[in-house]
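Here is a friendly walk through one protein model, from its overall make-up down to single side chains. Keep the viewer open and follow along.

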Amino acid sequence: MGAHYCAICRQTTFNGKGHIFGKTHQSRLRVVLLKFTEKVKEARRTLKKPQVEKFDCTQHKQTFWCYCCGCEIEKNVTDGNMTVLYGGLLEHMATSEHRKNTHKFWWDNKADPKFRDKVIVTEEETERFKAEVAKALESFVEKEDEYIKQHAEHIRAQEKHRQEVLQSLLERDAEPELLNGPNGTDSSVENSVSSQFMCQGSDQQAGSSFVDSMGEMPWTPAGHGLTFIGYQDSSNSGNVHTGAVPPWLQDDPVEGTSRTAAEPEIGPSLHEFLKHKEQEKLRKLPPNRVGANFDHSSHTDANWLPSFGRVWNSGRRWQSRHQFRQEEGQKHRQKRRREHGTEGSKKIKTTDQLNT
């Protein structure tokens, strides 16, 4: 017998087509047909009521493996805008080629004939499905048009509201311009400034009073949201160009001196706070740990290091190992000598007692 490849079991057998009657092949065939019919059952539910959705590339670009034809087909039908769910699968199962391959698959694998009609779509079912799909597409297009109209109406309402708000702001800005003079300033402000300017005795006094009055009263030009904050005289304190200390480097920019001399510092200092935090960390550690009572304030030589001997100071590991074994051997020999000495003394005592 020649070699026979089984696509269901995915292996090559050398006992001919007798493999298809075996328990292993039949059990695997039942599992394959069960999965295949379950997927086809979901598609057959849409024959009477097709489902049309908006195209989504992450969900509607799926493929389906047909065991009867041994090829991969598109699961859905889409034009880039709309998608008919399971349209590609139902269209494939209605073809004559799929019907022919299904009969051949059932004959070659000796499958149960009662499952064969479940994976085939008749011509009557295909015509009924096409009519229902046309109705579903029309209703979907109508819904999409209605949604677009609602969205456009919402956009127009927002644009109208924006125009109304802009018009109200323009009208509000136009009201102060009608009350202002020809130069664009308030006449009351000009009268107050001129009266204060005329009351002074000399030109110098008039200039200083004019500056002071302008610094005290708010001055708002028409059409600009600006406020005059007054004249700042820095002749006494100096500036960066005259060699004075910048304000951001002073503790008190007004006085130019630190407040620590005038006002005492409230609370513990930074050094005491850090020391307290260190003590709180040490309090959580066990009190009998190694180095708990070590005096960290003691001064030692910078060249001091603990001498552990052997490989920690000089030499290699094997030298330390040999040295350790020699010391251990000496200790064992001394221990055995002591044991022999005590045993000999015990024997002498026992012999003396027997003689007496």
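What percentage of the 356 residues of the protein count as buried? The share is 19%. Bear in mind throughout that this is a predicted model.

**Overall make-up**

The protein has 8 helices and 7 strands. About 29,200 Å² of the protein is exposed, and 54% of that area is supplied by carbon and sulfur atoms. Looking at contacts with a separation of 6 or more, residues 24 or more positions apart account for 48% of them.

**The nonpolar core**

Let us begin on the inside. The largest nonpolar core is made of 32 residues, and the ones with the most contacts inside it are Phe36, Leu89, Leu90, Phe105 and Trp106. Several elements give two or more residues to this core: the helices H1 (23–44), H2 (87–93), H3 (96–109) and H4, together with the strands E4 (63–66) and E7 (82–84). Helix H1 brings the largest share of this core, with 6 residues.

Leucine 89 is a good residue to centre your view on. Not counting residues up to four places away in sequence, leucine 89 touches Lys39, Ala43, Phe64, Ile73, Glu74 and Lys75.

Is glutamate 125 buried or exposed? Its relative accessible area is 18%, so glutamate 125 counts as buried. This glutamate is found in helix H4, which covers residues 123–179. With neighbours within four places in sequence left aside, glutamate 125 is in contact with Arg44, Leu47 and Ile120.

**Salt bridges along the helices**

Now to the charged side chains. Side chains of opposite charge can pair when their charged atoms come close. How many salt bridges does the structure hold? There are 7, and the table gives three of these pairs with the distance between their closest N and O atoms.

| Acidic residue | Basic residue | Closest N and O atoms |
|---|---|---|
| Glutamate 38 | Lysine 41 | 3.7 Å |
| Glutamate 153 | Arginine 156 | 2.8 Å |
| Glutamate 159 | Arginine 162 | 2.6 Å |

Glutamate 38 and lysine 41 both belong to helix H1, where 3 residues, about one turn of the helix, separate them. Glutamate 38 is partly exposed, at 39% relative accessible area, and lysine 41 is also partly exposed, at 40%.

Helix H4 holds both glutamate 153 and arginine 156, again 3 residues apart, or about one turn of the helix. In this pair, arginine 156 is exposed, with a relative accessible area of 51%, while glutamate 153 is partly exposed, at 46%.

Glutamate 159 and arginine 162 lie in helix H4 too, 3 residues apart and about one turn of the helix from each other. Glutamate 159 counts as partly exposed, at 37% relative accessibility, and arginine 162 counts as partly exposed as well, at 43%.

**Cysteines and the first strand**

How many disulfides does the structure hold? The number is 0. Cysteine 6 is in no disulfide, and its nearest cysteine sulfur, that of cysteine 9, is 3.7 Å away. Why is there no bond between cysteine 9 and cysteine 6? Their sulfurs are too far apart for a bond, because the distance is 3.7 Å and a disulfide needs the two sulfur atoms within 2.5 Å. Cysteine 6 is buried, with a relative accessible area of 2%, and cysteine 9 is buried at 6%.

Tyrosine 5 lies in strand E1, which runs over residues 4–6. Unlike buried residues, tyrosine 5 counts as exposed, at 53% relative accessibility. Leaving aside neighbours within four places in sequence, tyrosine 5 is in contact with Arg10, Gln11 and Thr12. Between the C-alpha atoms of tyrosine 5 and histidine 19 there are 9.6 Å, with the two residues 14 residues apart along the chain.

**A nonpolar patch on the surface**

To finish, turn to the outside. Which residues form a nonpolar patch on the surface? They are Val245, Trp248 and Leu249, and together they have about 400 Å² of accessible area. Valine 245 has its place in the loop between helix H6 (203–216) and helix H7 (270–283).

Key: Residues are numbered from 1 along each chain as its sequence is written. This is a predicted model: local features need pLDDT of at least 70, side-chain atom pairs count only at pLDDT 80 or more; totals for chains, interfaces and linings use all residues. Side-chain values use heavy atoms; hydrogens and water are left out. Patches are made of residues with over 30% relative accessible area and no salt bridge: like charges are joined within 9 Å, nonpolar side chains (Val, Leu, Ile, Met, Phe, Trp, Tyr) within 5 Å. Accessible areas come from the Shrake-Rupley method with a 1.4 Å probe; for residues, only the protein chains shown count as cover. A salt bridge is a side-chain nitrogen of Lys or Arg within 4 Å of a carboxyl oxygen of Asp or Glu. Helices (H or I, at least four residues) and strands (E, at least two) are DSSP runs, numbered from the N terminus. Buried means under 20% relative accessible area, exposed over 50%, partly exposed in between (1.4 Å probe, protein chains only). Contact means heavy atoms within 4.5 Å. A nonpolar core is a set of buried Ala, Val, Leu, Ile, Met, Phe, Trp, Tyr and Cys residues joined through side-chain atoms within 4.5 Å.
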